[in-house]
Amino acid sequence: MNARRVVVPRRPAAVQRTSVPLGLDGPDGDAEVRKLMGRQARRALVTVAAVVVVLVALPLLTSERDWLLVTLAVQPLWVALAVLQLRRAERAEHEP
């Protein structure tokens, strides 16, 4: 067997880190962060309201023998709500 050995002459340069997050280094940085947090909080409240509606309405709409529907149908709904919340929060970060 002929094994080739590669020798790297030097290590790559380290990336400089800044103490201020990118895009928020201006005088309006704090205001923009508060604005973003407010948008994300409002969108999170919509998701929380949807969860509460499901938790309250599902037992009222199903009978005792529909336990299979309750256990199997709710899980994909939670995943869908989580994905929607994530997309909405990311969209809020990219809004002006």
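**Close-up views of a two-helix model**

**V52 is found in helix α1.** Helices and strands are DSSP runs (H or I, at least four residues, for helices; E, at least two, for strands), numbered from the N terminus. The model is a predicted one, in which local features need pLDDT of at least 70 and side-chain atom pairs count only at pLDDT 80 or more, while totals for chains, interfaces and linings use all residues. Residues are numbered from 1 along each chain as its sequence is written, and side-chain values use heavy atoms, with hydrogens and water left out. V52 has 44% relative accessibility and therefore counts as partly exposed (buried is under 20% relative accessible area, exposed over 50%, partly exposed in between; 1.4 Å probe, protein chains only).

**The nonpolar surface patch that includes V52.** V52 joins V48, L55, V56, L60 and L61 in a nonpolar patch on the surface. Together these residues have about 630 Å² of accessible area (Shrake-Rupley method, 1.4 Å probe; for residues, only the protein chains shown count as cover). Patch residues have over 30% relative accessible area and no salt bridge, with nonpolar side chains (Val, Leu, Ile, Met, Phe, Trp, Tyr) joined within 5 Å and like charges within 9 Å; a salt bridge is a side-chain nitrogen of Lys or Arg within 4 Å of a carboxyl oxygen of Asp or Glu.

**Helix α1 and its buried residues.** Helix α1 comprises 33 residues, 29–61. At 1.5 Å a residue, α1 should span 48 Å (1.5 Å times one less than the number of residues), and its end C-alpha atoms are 48 Å apart, which agrees. G29, R39, R43, T47 and V54 are the buried residues of α1, and their cover includes α2, residues 67–94.

**Where T47 of helix α1 meets other residues.** T47 is part of helix α1 and, at 16% relative accessibility, counts as buried. Leaving aside neighbours within four places in sequence, T47 is in contact with L81 and Q85 (contact means heavy atoms within 4.5 Å). Both L81 and Q85 are among the buried residues of α2.

**L45 and V48, on helix α1, seen with residues of α2.** L45 lies in α1 and is exposed, with a relative accessible area of 60%. The C-alpha atoms of L45 and Q85 are separated by 9.9 Å, although these residues are 40 apart along the chain. V48 is also placed in α1 and is partly exposed at 48%. Its C-alpha atom is separated by 9.3 Å from that of L81, 33 residues away along the chain.

**The kink in helix α2.** A kink of about 25° lies at V74, shortly before the proline P76 (the bend is the angle between axes fitted to the seven residues ending there and the seven starting there). The 28 residues of α2 should span 40 Å at 1.5 Å a residue, and the end C-alpha atoms are 41 Å apart, which agrees. V74 is buried, as are L81, Q85, A89 and A92 of α2; what covers these residues includes α1.

**The protein chain as a whole.** The chain contains two helices and zero strands. Of its 96 residues, 11% are buried. Among contacts between residues at least 6 apart in sequence, 72% join residues at least 24 apart. The chain exposes about 8900 Å², of which carbon and sulfur atoms supply 63%.
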